[in-house]
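Trainee: I have a structure open on my screen and I'm not sure how to read it. Can you take me through some features?

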Amino acid sequence: MTQRESDIDALVGEWLTLRQAAAPLGVSPNRIKQLIRENRMMGVVRSGELSIPAAFLDGDDLVKGLPGTLVLLSDAGFSTEDALRWLFTPDDTLPGTPIQAMRENRGTEVRRRAQSLAF
């Protein structure tokens, strides 16, 4: 594991395999892969298996506003690792991490900040 991977693991915490992520959403693991290809979900290979952050799920759905925010970050030129780092790094002005703010229905401010990164 590289230092970058270790840093991201420390920030993200819990990860789900495609199968684990697909089950509560009621979709196939292939649908999760499709969402990743469309930049509506992000995943990284961990221990040889594509995985996504558990924080991206809210019960049986994706966190509200997550797909749009991920597209904004991708459009701003963020790599998957950079986007994950941004989403999971504490920001005292939010407060908390961007993903926490989105999970607490404070996604408008997160998307506004993500949009400003492109300019």
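Mentor: Sure, let's talk through the core, the salt bridges and one serine. Keep in mind that this is a predicted model.

Trainee: Okay, the core. Which residues have the most contacts inside the largest nonpolar core?

Mentor: The general idea goes like this: in soluble globular proteins, nonpolar side chains tend to be buried together. Here, the largest nonpolar core has 33 residues, and Ile32, Met41, Phe56 and Leu84 have the most contacts inside it. Among the elements that give two or more residues to this core are helix H1 (3-12), strand S1 (15-17) and helix H7 (107-116).

Trainee: What does leucine 84 touch?

Mentor: Leaving out residues up to four places away in sequence, leucine 84 touches Ile8, Trp15, Met42, Val44, Pro53 and Phe56.

Trainee: Now the charged ones. How many salt bridges does the structure hold?

Mentor: Start with the principle: side chains of opposite charge can pair when their charged atoms come close. This structure holds eight salt bridges. One of them joins the side chains of aspartate 91 and arginine 113, at 2.8 Å from N to O. That pair links distant parts of the chain, with aspartate 91 in the loop between H5 and H6 and arginine 113 in helix H7, 22 residues apart.

Trainee: Is arginine 113 buried or exposed?

Mentor: Buried means under 20% relative accessible area. Arginine 113 has 18%, so it counts as buried. Its partner aspartate 91 has 25%, so aspartate 91 is partly exposed.

Trainee: Which residues are linked with those two in a network of salt bridges?

Mentor: The network links Asp91, Glu109, Arg112 and Arg113. Within it, the side chains of glutamate 109 and arginine 112 meet at 2.5 Å, N to O. These two are three residues apart in helix H7, so about one helical turn separates them. Both are partly exposed: glutamate 109 has 27% relative accessibility, and arginine 112 has 47%.

Trainee: And the serine you mentioned? Where is serine 51?

Mentor: Serine 51 sits in strand S3 (residues 49-53). Use the cut-off again: serine 51 has 4% relative accessibility, so it counts as buried.

Trainee: What lies 3.2 Å from a polar atom of its side chain?

Mentor: That's the backbone oxygen of glutamate 49. Serine 51 also touches Trp15, Leu16, Thr17, Met42, Gly43, Val44 and Arg46, if you skip residues up to four places away in sequence. You've met Trp15, Met42 and Val44 already, since leucine 84 touches them too.

Definitions and conventions. Residues are numbered from 1 along each chain as its sequence is written. This is a predicted model: local features need pLDDT of at least 70, side-chain atom pairs count only at pLDDT 80 or more; totals for chains, interfaces and linings use all residues. Side-chain values use heavy atoms; hydrogens and water are left out. A nonpolar core is a set of buried Ala, Val, Leu, Ile, Met, Phe, Trp, Tyr and Cys residues joined through side-chain atoms within 4.5 Å. Buried means under 20% relative accessible area, exposed over 50%, partly exposed in between (1.4 Å probe, protein chains only). Helices (H or I, at least four residues) and strands (E, at least two) are DSSP runs, numbered from the N terminus. Contact means heavy atoms within 4.5 Å. A salt bridge is a side-chain nitrogen of Lys or Arg within 4 Å of a carboxyl oxygen of Asp or Glu. A polar contact is a pair of N or O atoms within 3.5 Å; within protein, one must be able to donate a hydrogen and the other to accept it, and residues adjacent in sequence count only if both atoms are side-chain atoms.
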